[in-house]
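Biologist: Please take a close look at a single part of this model, and go through it slowly, with the cut-offs behind each term. I would rather have one connected account than a list.

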Amino acid sequence: FAEWVMIVLSVGVTGAAGLVIRERAEGGEGSSFGALAPLDAVPKALRRKLSAFDAGVARCVLGLGLKGDSQGEEIVFASRYGNMEVTLALLDALVARDLLSPAKFSASVHNAAVGLASQITGNRRSHTALAAGADTMA
């Protein structure tokens with residue numbers, strides 16, 4: 001006997017925010033859409049420590065207004081490459097045969113930025129991190 005299981009999902013989007021970050025040499029921040037919070041919404045003490053990528057993700061999550069008491073709202077985070085600044089620093093260390101920083105390594109995983117943003121907002125709902133190359137936005 002073959003058993004068939006059909007799962008029907010009902011999905012709704014309650015908000016969206018996005019930011020294109022350009023290299024500093026190209027003038028910094030690019031375009032944005034949706035519910036993007038201003039940079040000063042990120043706590044000042046954290047702003048100095050975050051990379052441009054991490055601060056951008058935090059601005060997106062803050063703009064969506066998800067807090068620890070949000071009911072049933074989950075984050076779907078999509079980034080074509082993730083935090084390339086941290087990844088390239090780790091690759092440079094490998095080439096130089098230096099020791100790798102455990103802190104940088106943990107920041108290089110694809111869902112690290114959205115996890116950090118969830119900590120900043122106190123959002124305890126789950127999140128999913130996606131990367132699909134050129135098709136990530138779709």
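Modeller: Phe77 counts as buried at 9% relative accessibility, where buried means under 20% relative accessible area, exposed means over 50% and partly exposed lies in between, with a 1.4 Å probe and protein chains only. The model is a predicted one, so local features are given only at pLDDT of at least 70 and side-chain atom pairs only at pLDDT 80 or more, while totals for chains, interfaces and linings use all residues. Residues are numbered from 1 along each chain as its sequence is written, and side-chain values use heavy atoms, with hydrogens and water left out.

The ring of Phe77 has a partner in Phe53, and the two form an edge-to-face aromatic pair, with 6.3 Å from centre to centre and 75° between the planes. Rings of Phe, Tyr and Trp (its six-membered ring) are paired if their centres lie within 6.5 Å, and planes under 30 degrees apart count as stacked, over 60 as edge-to-face and the rest as tilted. A search of the whole structure finds 1 aromatic pair. It links distant parts of the chain, with Phe53 in helix H2 and Phe77 in strand S3, 24 residues apart; helices (H or I, at least four residues) and strands (E, at least two) are DSSP runs numbered from the N terminus. Phe53 is also buried, with a relative accessible area of 17%.

Both rings belong to the largest nonpolar core, which has 15 residues, and Val42, Phe53, Val57, Ile75, Phe77, Val114 and Ala117 are those with the most contacts inside it. Such a core is a set of buried Ala, Val, Leu, Ile, Met, Phe, Trp, Tyr and Cys residues joined through side-chain atoms within 4.5 Å. Helix H2 (52-64), strand S3 (75-78) and helix H5 (112-121) each supply at least two residues of this core, and H2 gives the most, with 6 residues. Val57 shows how these elements come together: leaving aside neighbours within four places in sequence, Val57 is in contact (heavy atoms within 4.5 Å) with Phe77, Ala113, Val114 and Ala117.

The packing of H2 on H5 can be described in the same detail. Their axes come within 9 Å and cross at roughly 50°, the axes being lines fitted to C-alpha atoms, for helices over the stretch in contact, with angles running from 0 to 180 degrees between N-to-C directions. H2 and H5 are therefore oblique to each other, since angles under 35 degrees count as roughly parallel, over 145 as roughly antiparallel, 65 to 115 as roughly perpendicular and the rest as oblique. H2 passes H5 in a right-handed crossing; a crossing is right-handed if the near helix is turned clockwise from the far one by less than a right angle, and left-handed if anticlockwise. In this interface Phe53, Asp54, Val57, Ala58, Val61 and Leu62 of H2 meet Ala113, Val114, Leu116, Ala117, Ile120 and Thr121 of H5.

On the H5 side, the buried residues are Ala113, Val114, Gly115, Ala117, Ser118 and Thr121, and what covers them includes H2, S3 and strand S4 (127-130). Just after H5, Gly122 takes a positive phi of about 75°.

Not every residue in this region is nonpolar, and Asp54 deserves attention. Asp54, in helix H2, is buried, with a relative accessible area of 12%. Not counting residues up to four places away in sequence, Asp54 touches Asn83, Ala113 and Leu116, and the C-alpha atoms of Asp54 and Ala112, 58 residues apart along the chain, are separated by 8.6 Å. Asn83 itself lies in the loop between S3 and helix H3 (84-95) and is buried, with a relative accessible area of 5%. Beyond its neighbours within four places in sequence, Asn83 is in contact with Ser51, Phe53, Asp54 and Ala107, which returns us to the aromatic pair through Phe53.

As for the setting, the protein has 5 helices and 4 strands, and along the sequence they follow the pattern β-β-α-α-β-α-α-α-β. Of its 138 residues, 26% count as buried. Among contacts between residues at least 6 apart in sequence, 57% join residues at least 24 apart.
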